[in-house]
Amino acid sequence: MAARHLFVCTNARGSGKPTCGVDGVRLVSLVTQALVARRATDVLITETACLGPCFDGPNAVVYPEGTWYAGLADDDAAALADHLIDGVVLTAKLGDRPGS
């Protein structure tokens, strides 16, 4: 079982509302590259549909802690890898759990 699991919104829809879409897909790729470079073996990354707060995207959540991130950018990939491997939270990008 993986120590941590990152779920990243990659949802793209044509409603005119902002989406994580391509930015989320790119973030998944960059975090994966960072994890491979660090030879991390007990973490997982999953692309997901909408996580809720579309205007704050790209959004992600790390389990088992339930740490929510919002407004992620490409340059956050290494810090997300740090969270997955070492548990270091990227406090500058913490977001609220939808419905909280």
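Which residue in β2 does Phe-7 stand opposite? In this predicted model, the partner of Phe-7 in β2 is Thr-46. Let's start with the whole chain and then work back to that spot.

## The overall picture

The protein has two helices and four strands, and from the N terminus on they follow the order β-α-β-β-β-α. Its radius of gyration is 13 Å, close to the 13 Å that the globule rule gives for 100 residues, so the protein is as compact as a globular protein of that length. If you want a box for your own set-up, the C-alpha atoms fill one of roughly 40 × 25 × 25 Å, taken along the principal axes.

Buried residues account for 36% of the 100 residues. The protein exposes about 5400 Å², and carbon and sulfur atoms supply 54% of that area. Looking at contacts between residues at least 6 apart in sequence, 61% join residues at least 24 apart.

## Strand β1 and its partners

Strand β1 covers residues 4-9, and five of its six residues are buried. It pairs with two other strands. With β2 (residues 43-48) the pairing is parallel and runs over six bridges, while with β3 (residues 60-63) it is antiparallel and runs over four bridges.

Phe-7 is a handy landmark here, as it stands opposite Thr-46 in β2 and opposite Val-61 in β3.

## A closer look at His-5

His-5 also belongs to β1. Is His-5 buried or exposed? Its relative accessible area is 19%, and because the cut-off for buried is under 20%, His-5 falls on the buried side.

The side chain of His-5 makes a polar contact of 2.5 Å with the side chain of Thr-46. Thr-46 is thus worth a second look in your viewer: this residue also stands opposite Phe-7. Leaving aside residues up to four places away in sequence, His-5 touches Leu-44, Ile-45, Thr-46, Val-61, Val-62, Tyr-63 and Leu-84.

## Salt bridges across the chain

Side chains of opposite charge can pair when their charged atoms come close. The structure holds six salt bridges. One of them joins the side chains of Glu-65 and Arg-4, at 2.7 Å from N to O. Glu-65 sits in the loop between β3 and β4 (67-69) and Arg-4 in strand β1, so this pair ties together parts that are 61 residues apart in sequence. The two ends differ in cover: Glu-65 is partly exposed at 39% relative accessibility, whereas Arg-4 is buried at 18%.

Arg-38 appears in two salt bridges, one with Asp-82 and one with Asp-86. For Asp-82, the closest N and O atoms are 2.4 Å apart. Arg-38 lies in the loop between α1 (21-37) and β2, and Asp-82 in helix α2 (residues 77-86), so the pair ties together parts that are 44 residues apart in sequence. Both residues are partly exposed, with relative accessibility of 39% for Arg-38 and 28% for Asp-82. For Asp-86, the closest N and O atoms are 2.9 Å from those of Arg-38. Asp-86 is also in helix α2, so its pairing with the loop residue Arg-38 ties together parts that are 48 residues apart in sequence.

Finally, Asp-23, Arg-26 and Asp-74 are linked in a network of salt bridges.

Technical notes
Residues numbered from 1 in each chain as written. Predicted model: local features only at pLDDT ≥ 70, side-chain atom pairs only at ≥ 80, totals over all residues. Heavy atoms only, no water. Buried < 20%, exposed > 50% of the residue type's maximum accessible area, 1.4 Å probe, protein only. Polar contact = N/O pair within 3.5 Å; in protein donor to acceptor, adjacent residues only side chain to side chain. Contact = heavy atoms within 4.5 Å. Pairing = 2+ DSSP bridges. Rg over C-alpha atoms; globule rule 2.2 N^0.38 Å. Areas by Shrake-Rupley, 256 points an atom, 1.4 Å probe, with all protein chains shown as cover. Salt bridge = Lys/Arg side-chain N within 4 Å of Asp/Glu carboxyl O.
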